[in-house]
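I opened the notebook to record what I looked up in this structure, taking the helix packing before the ligand site.

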Amino acid sequence: MTMEIILARTSGFCMGVKRAMQIAINTAENSDQPVYTCGPLIHNPQAVAYLQEHGVDSVSDWQTVDGGTIIIRAHGMPNGSIDKIREQGLGVVDATCPHVVTSQRQIKKYSEQGYFVYIIGDPRHPEILSLQSFAQENHRLIADYAEAEKEQPPAKIMIIAQTTYNADEFNKIAQLLKSRAQNAVISDSICQATSERQKEIKRLAADADAVVIVGGKASANTCRLAEIARALCPRTFHVETEAELNRDDFAGVNRLVVSAGASTPDFITSKVIDFLKTL
Ligand code: SF4
């Protein structure tokens with residue numbers, strides 16, 4: 001019996017990533033000065049290599065750069081960074097995803113209105129570092145439900161998640177915190193690109209014999225997809241390229257589902273599918 005390979009409809013670049021890639025490439029094409037991103041533009045090593053070929057280098061710290069333009073990546077940067085970069089005589093092009101900008105503004109607004117802001121997400125993720133910087137002192141970062149359970153929130157709270165957080169987990173956390181506060185505002189910050197991908201992989205993985213998730217190991221939304229798929233289909237493999245796949249892992253598989261994170265270029269997913277077709 002030949003193996004059926006189903007590619008998730010929602011796999012691949014989301015609006016924010018497409019936009020950031022385009023902004024970076026256009027900037028490099030139209031500049032005679034070096035163009036840098038501060039940290040990888042998106043969490044996908046192959047996409048970062050592609051950008052490098054098109055004249056966009058990644059530096060870990062913009063303060064080490066002598067001249068040129070800094071592209072603000074899709075995850076955003078800490079509040080005030082753009083002014084600081086300009087003060088150093090560098091150009092700035094802002095490719096922060098519009099959804100992240102909305103979250104930054106929401107946090108700033110509610111924090112200034114005296115709400116205690118709960119930010120739900122991965123403490124090491126650059127988007128979270130950026131979001132936190134838009135809140136005043138009155139905020140706390142919560143990584144998961146276990147941490148939320150320990151909270152005794154003040155009367156007036158606002159709850160917001162990293163744009164790529166697991167939607168079900170966020171709802172559980174938000175309801176828990178809300179039940180313990182007098183006045184809770186829950187911000188709907190998980191972006192559609194993320195929630196649609198999560199819904200689709202949930203539906204597809206439930207009937208799959210195996211699942212392959214393609215995308216960066218440091219990509220939050222890709223890791224989340226793999227985590228959701230694995231809960232429903234234990235034979236789930238998260239790979240950055242086809243080189244990580246092992247033929248023996250697919251013995252007896254009839255129905256194979258493939259999806260890719262929002263930061264995974266289509267050409268990488270195509271190579272993975274080409275390999276899977278040879279099984
Ligand atoms: S996953 Fe959503 S929030 Fe993140 S870059 Fe893409 S569109 Fe923007």
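How close do the axes of helix α8 and helix α9 come, and at what angle do they cross? Keeping in mind that I am working from a predicted model, I looked up helix α8, residues 192-205, and helix α9, residues 220-232, and found that their axes come within 9 Å and cross at roughly 25°. Angles under 35 degrees count as roughly parallel, and α8 and α9 are therefore roughly parallel to each other. I also noted the hand of this crossing, since α8 passes α9 in a right-handed sense.

Next I turned to a second helix pair. Helix α1, residues 15-29, packs with helix α2, residues 45-53, at an angle of about 20°, and the axes of the two lie 10 Å apart. By that angle α1 and α2 are therefore roughly parallel to each other, and the crossing of α1 and α2 is right-handed.

Then I went to the ligand. Where does the ligand sit? I found the ligand in the largest pocket, and I listed the residues that surround the ligand as Cys 14, Gly 16, Cys 97, His 99, Thr 163, Cys 191 and Thr 194. How many residues of each class make up the shell around the ligand? Sorting the shell by class, I entered three nonpolar and four polar residues, with no charged residue in the shell.

Methods
Residues numbered from 1 in each chain as written. Predicted model: local features only at pLDDT ≥ 70, side-chain atom pairs only at ≥ 80, totals over all residues. Heavy atoms only, no water. Near = heavy atom within 4 Å. 1 Å grid on protein atoms, 1.4 Å probe; cavity = no way out; pocket = protein on both sides within 12 Å on 5 of 7 lines; lining within 4 Å. Sits in = over half its atoms within 2 Å of the grid points. Nonpolar A, V, L, I, M, F, W, Y, C, P; charged D, E, K, R; others polar. Axes fitted to C-alpha atoms, helices over the stretch in contact; angles between N-to-C directions. Helix = DSSP H or I, 4+ residues; strand = E, 2+ residues; numbered from the N terminus. Parallel < 35°, antiparallel > 145°, perpendicular 65-115°, else oblique. Left-handed = near helix turned anticlockwise from the far one by under 90°.
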